[in-house]
Amino acid sequence: MAAESERVDRSSHSMDKSITLPPNEIFRNLENAKRFAIDIGGSLTKLAYYSTVQHKVAKVRSFDHTAKDTEDDPLYEISMQEELLARLHFIKFENAYIETCLDFIKDHLVNTDTKVIKATGGGAHKFKDLIEKKLKLRVDKEDEMTCLIKGCNFVLKNIPHEAFVYVKHADSEFRFQNTHPDIFPYLLINIGSGVSIIKVESEDTFERVGGSSIGGGTFWGLGALLTKTKRFDELLQLASKGQHTSVDMLVKDIYGGSYVSLGLTGDLIASSFGKSATADKEFSKEDMAKSLLHMISNDIGQLACLYARLHNLTRVYFGGFFIRGHPVTMHTITYSINFFTKGEVQALFLRHEGYLGTIGAFLKGAEEDNPNQYSWGENYAGSSGLMSTSPDLNPMQRARSGTFDMLEMDRLERQLVNLPLLQDPSSYIPDTVDLSEDALAREYWLYCFEEALDGVVKRAVASQPDLPEAAERAEKFRHKYLHKLQTLRHQPFAYGSLTVRSLLDTREHCLNEFNFPDPYSKIKQRENDMALKYFQKAVKSLEELSWEQRQFALVRGLLAGNVFDWGAKAVSDVLESDPEFGFEQAKRQLEERPWLIDNYDQWLERLNGPPHKCALFFVDNSGIDIILGVFPFVRELLCRGTEVVLASNSSPALNDVTNNELQILTERIAAMDPVIQSAVKEDRLTLVQSGSSSPCLDLSRLDKVLAGVVRERHTDLVIIEGMGRAIHTNYYALLSCESLKMAVIKNSWLADRLGGKLFSVVFKYEVPLDTKPTTLDHVPVTPS
């Protein structure tokens, strides 16, 4: 809530008196808004709208190389094209600002043919006339509970780190949970004025199975009577400073200690407010507020546990204005649930809990477009992220108090699903290290990304030499991304678990925000053209080796190719200072065997057995990596009789090869090599999009078409290449088939952490316990 001094002057409609961020940072792309929904609660308004955002995309198109000798001509041309992106915008602000905001929306609403605004929440009726008058839109009220459930389903399905457990006093107070592939069934405990307990069984099937009149309104009402404090947040502030033991009667107050035979410890509350009946003294407001908070929370917690047991449910989510991200309420609810279930059920909270109603209202209004048929992704560049409201924990949040929170969701081109080969999708964690729980690692990586900013800005500008305003946009990118890094330094939980992947993805989102869709496009083009000239020579030299020598040379070549990673500073410094640094020099940089992680002997033994049916290969970098490293390795698999599926990024990230680029490269290589040519013609070599636009890899969010190909081909080998995909992510991923994870460690700090040195090699061959191949007696164990 805003402090008194921050309150808006109701007589003025001046935006800068109510909004502390520039309006174009809040109501973004309002001129292209297509649909509106609004959720008005007792103190907060949540607005939603859909817009189409025009942004630049990098396209590659193959040149016609048939007419003449084009050895020195580029393989393809790069062009920047405009495309429309569908985006959902959600904005949360205090009701005090609603009239000002409606005026701003009215003044900036240009291209909409919308006639209706969907509305939900208790305040929808109160503000109906104002909304219709200001926006000239008809208010169509939707059922509050239906909207709440629809919104909850949406965020659980589309935001991987949506749910969290709250752990007070831990290094990371927010412990984010993996979203189960099937989010149903679950119990939603909505704590508003009263309590509603809803069992959700499917997208459209839910039932209010119970509730209570003792809820947030009870805490607020009784609190106001006891403390004379009228504001809800101020009441919680009092509670956070109080000692409930001054007011509550404990077990030890009655029995002098624990009641052992009943299993009751001495510190348990025997009677809420029990001491107030007999003590001849005044109680502080803080102590009474704390006692009241415990009384309400324990009652709700016990009810939640009873209903969870009655319906045999272990996933219990809490929401409503009583929660609203307040540490003190989340802690008391968590304690209560842990006590009554003996730790069997966890209290789960939602990062975007405040938006559920408005998301649901929006979805109701957009049913004709069937938004649930798409996958959506959070746009970190336009979202505020989760902010703790504790004044002691996060001073940055208090500076933002009374302003606006934003969430943006982009519609993805591909529908995303789990990789069918995950051993247990519900326990899969993509990221190797959670930086929000590792302060040393967090500080190191934040410093790394700050240090790398100059280089990223330079490459962004260089990628658009014909656009004079590119330098100005690049500086805006620098400012925005630096601000995000500073926010994450103070609040590492803002976008879920903080990881190297999320730092990379946030950077990509910010680059796209300022129309730099592919800063490495020209570098990739140059390196692809160069590497192609050496492909036939590389294949010829491999064919001259004995079978065993060739297998090692192929692995060594793949690892050497993986050195060419412009995302690693140690490599980009070398590539910029020494343009002649090439494939053979990279091989010499590699660590000699035994490698840091070395399962090569087991892999070689496996190659002596029958061929794999189909290998799925997640590829990494353009240039030498894909052309001189990956393709010779793939060629050998094809010669063994193994079908191969090459999965590459759908959109650019760093110098990683994209699916469009890979199509052109494969076509050119097939023209040079009969093995690749016949494999393409016979559909034994298939190229698919991964659905990703990240330098890392989340196997729980892959293109649905890819998942279908994996099933159809009976894939029995997964190969993951590169530091981002096989070290920062998926290092501990367990698959139901054989897997190869290969990478060169191109960061000294990370190498040191893993017990190696710069350019150490990870060659990790794993076999699931229940599918031991014919020729292997030994199952490699995942190093801890």
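Is Ala615 buried or exposed? I looked this up before anything else, keeping in mind that the model is predicted. Ala615 has a relative accessible area of 0%, and it is therefore buried, the cut-off being under 20%.

**Entry: Ala615 and its surroundings**

I located Ala615 in strand E19, which covers residues 614-618. I then listed its contacts, leaving aside neighbours within four places in sequence. Ala615 is in contact with Leu637, Thr642, Glu643, Val644, Val645, Thr715, Leu717 and Ile719. I also checked one distance: the C-alpha atoms of Ala615 and Lys764 are separated by 16 Å, although these positions lie 149 residues apart along the chain when counted as a separation.

**Entry: nonpolar cores**

In soluble globular proteins, nonpolar side chains tend to be buried together. I looked for such groups here. The largest nonpolar core has 62 residues, and Trp603, Phe633 and Leu646 touch the most other members. Helix H22 (residues 624-640) gives the most to this core, with ten residues. I followed Leu646 further, again leaving aside neighbours within four places in sequence; its contacts include Phe617, Val619, Val630, Leu662 and Leu685. A second, separate core holds 44 residues, among them Tyr166, Ala289, Val328 and Ala347.

**Entry: helix H15**

I compared the length of helix H15 (residues 500-513) with expectation. At 1.5 Å a residue, its 14 residues should span 20 Å, and the end C-alpha atoms are 20 Å apart, which agrees. How many residues of H15 are buried? I found eleven of the 14, so the helix is largely enclosed by the rest of the structure. Among the buried residues are Val500, Arg501, Leu504, Asp505 and Leu511. The cover over the buried residues includes helices H12 (439-451), H13 (453-462), H14 (470-490) and H26 (723-728). Just after H15, Asn515 takes a positive phi of about 60 degrees.

**Entry: Ala471 in helix H14**

I noted Ala471 in helix H14. Ala471 is partly exposed, with a relative accessible area of 40%. Its C-alpha atom is 8.3 Å from that of Ala460, and the two residues are eleven residues apart in sequence.

**Entry: salt bridges**

Side chains of opposite charge can pair when their charged atoms come close. My search of the whole structure found 54 salt bridges. I examined several of them.

- Asp253 pairs with Lys275, the closest N and O atoms being 3.4 Å apart. This pair links distant parts of the chain, 22 residues apart: Asp253 is in helix H7, and Lys275 is in the loop between strand E12 and helix H8. Asp253 is partly exposed at 39% relative accessibility, and Lys275 is partly exposed at 22%.
- Arg489 pairs with Glu443, with the closest N and O atoms 2.9 Å apart. Arg489 is in helix H14 and Glu443 in helix H12, 46 residues apart. Arg489 counts as partly exposed at 26%, as does Glu443 at 38%.
- Asp598 pairs with Arg593, the closest N and O atoms being 2.8 Å apart. Arg593 is partly exposed at 32% relative accessibility.

I also recorded a network of salt bridges that links Arg28, Arg87, Glu408, Asp410 and Glu513.

**Entry: a nonpolar surface patch**

Which residues make the nonpolar surface patch of about 270 Å²? I identified Leu222, Leu225 and Leu226. Leu225 is found in helix H5 (residues 216-227). With a relative accessible area of 62%, Leu225 is exposed, because the cut-off is over 50%.

Notes: Residues numbered from 1 in each chain as written. Predicted model: local features only at pLDDT ≥ 70, side-chain atom pairs only at ≥ 80, totals over all residues. Heavy atoms only, no water. Patch = residues over 30% accessible without salt bridge, like charges linked within 9 Å, V, L, I, M, F, W, Y side chains within 5 Å. Areas by Shrake-Rupley, 256 points an atom, 1.4 Å probe, with all protein chains shown as cover. Salt bridge = Lys/Arg side-chain N within 4 Å of Asp/Glu carboxyl O. Helix = DSSP H or I, 4+ residues; strand = E, 2+ residues; numbered from the N terminus. Buried < 20%, exposed > 50% of the residue type's maximum accessible area, 1.4 Å probe, protein only. Core = buried A, V, L, I, M, F, W, Y, C linked by side-chain atoms within 4.5 Å. Contact = heavy atoms within 4.5 Å. Expected span 1.5 Å × (residues − 1).
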